[in-house]
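Thanks for coming. I have one structure to go through today, so let me put it on the screen.

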Amino acid sequence: MACERIDFLGVPLDVLKEEDIESEILSLLNKNKPVQIIFLSTWDILKARKNGEFRDMVTSSSLCLPVSKSIIKGAAFLKRTVPVRHYPFETIISILNVINSHSKSLYMLGATKKSLAIAEDNVKSTFKDLKFVGRYNGYYKASMESSIISAIVKASPSLLILGNGIKGGARWIYRNKSKLSNGIYIYDCNIIDIFSNYKKKTSAFLLKHGLEYLPKVFVNPLRIFTIFKYFWFKILLLFYRIRNK
């Protein structure tokens with residue numbers, strides 16, 4: 001079944017089921033252009049409603065996958081097709097399984113040199129048929145960027161995974177699309193450090209109950225004030241529900 005795109009509060013979301021990931025990834029690889037996959041939280045939805053670079057990036061992305069439980073409940077409240085909630089780590093693993101089973105190639109960009117090297121070894125040992133065509137650490141000097149992009153283009157990976165230490169994060173992909181080679185580009189801040197075991201993935205319990213923000217609140221208590229954004233999100237849902245009636 002084809003991936004379905006819905007409008008959610010004026011922001012595109014894709015309904016991608018687990019069983020359709022392989023066919024969708026292969027379809028994206030056949031587009032013969034650089035394509036971006038992004039993960040959207042509730043806060044990202046609110047940010048993407050505004051005009052600007054972030055909105056442009058979202059609307060131009062080939063796959064917009066929701067990560068927050070409140071988005072799933074919100075889509076049901078608005079009587080839209082309810083999208084599948086994607087956990088970035090698990091979804092990236094599913095994509096790597098596709099890349100591996102079809103003997104495609106991978107490039108990793110980001111994290112520290114030590115974390116990246118360990119991540120490479122762990123990925124290679126897990127995905128035996130995957131072609132690892134390059135890596136470069138994050139936190140590099142701005143003067144190195146053109147050389148890094150040239151190396152990526154030369155390697156021409158089927159998939160490029162972008163981690164922390166890259167200025168702009170997901171927007172790095174959007175800003176450099178015209179310079180990049182064909183393939184799939186995906187950003188997750190923690191993914192490379194999770195591969196290297198420098199960081200732990202969010203617990204299944206917190207994800208299941210929509211509490212994945214709690215560890216960030218413990219690190220920075222001021223994040224508790226994002227609850228006002230959540231109230232605004234609820235008001236928008238009610239407004240759209242009434243308007244659609």
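Start with strand 5, residues 105–109, which is mostly covered: 5 of its 5 residues are buried. Please keep in mind that this is a predicted model. In a regular strand, side chains alternate between the two faces of the sheet. Here both faces of strand 5 are covered. Ser105, Tyr107 and Leu109 are buried on one side, and Leu106 and Met108 are buried on the other.

Now the neighbours. Which strands does strand 5 join, and how do they run? To strand 6 there are 5 bridges, and the two strands run parallel. One pair to look for is Leu109, which stands opposite Tyr136 in strand 6. To strand 7 there are 4 bridges, and that pair is parallel as well. On this side, Leu106 has Leu159 of strand 7 as its bridge partner, and Tyr107 stands opposite Leu160 in strand 7.

Zooming out, strand 5 belongs to an open sheet of 6 strands, with parallel pairing and the order 4-3-8-7-5-6. At the edges are strand 4, residues 63–66, and strand 6, each of which pairs on one side only. From one strand to the next, the twist averages 20 degrees.

Next, the helices on this sheet. Helix 6 packs on the sheet and touches strand 5 and strand 6. The direction of helix 6 makes about 170 degrees with that of strand 6. Helix 6 covers residues 113–126, and together with strand 5 and strand 6 it makes a right-handed β-α-β unit. Helix 7 lies across strand 5, strand 6, strand 7 and strand 8, the last being residues 183–187. Relative to strand 5, helix 7 runs at about 170 degrees.

Two loop residues around helix 7 deserve a stop. As background, most residues other than glycine have a negative phi. Tyr139 has a positive value, with phi near 60 degrees. Where is Tyr139 found? It is in the loop between strand 6, residues 131–136, and helix 7, residues 145–155. Tyr139 is exposed, with a relative accessible area of 56%.

The other one is Ser156. Its phi is also positive, about 50 degrees, although Ser156 is not a glycine. Ser156 lies in the loop between helix 7 and strand 7, residues 159–162. With a relative accessible area of 40%, Ser156 is partly exposed.

Last item: helix 12, residues 227–244. Helix 12 has 18 residues and reaches 26 Å from its first C-alpha to its last, close to the 26 Å expected at 1.5 Å a residue. Which residues of helix 12 are buried? They are Phe233, Leu236, Leu237 and Tyr240. Seen down the axis of helix 12, these buried residues fall within an arc of 100 degrees, so they line one face of the helix. On the other side of helix 12, Phe228 and Ile242 are exposed.

What do the buried residues of helix 12 pack against? Their partners are strand 1, residues 4–8, helix 2, residues 42–48, and helix 4, residues 69–77.

To recap, strand 5 is joined by bridges to strand 6 and to strand 7, and both its faces are covered. Helix 12 has its buried residues along one face, with Phe228 and Ile242 exposed on the other side. That is what I have; I will take questions now.

Key:
Residues numbered from 1 in each chain as written. Predicted model: local features only at pLDDT ≥ 70, side-chain atom pairs only at ≥ 80, totals over all residues. Heavy atoms only, no water. Expected span 1.5 Å × (residues − 1). Buried < 20%, exposed > 50% of the residue type's maximum accessible area, 1.4 Å probe, protein only. Arc of directions from axis to C-beta. Contact = heavy atoms within 4.5 Å. Pairing = 2+ DSSP bridges. Right-handed = clockwise from strand over helix to strand, strands pointing away. Axes fitted to C-alpha atoms, helices over the stretch in contact; angles between N-to-C directions.
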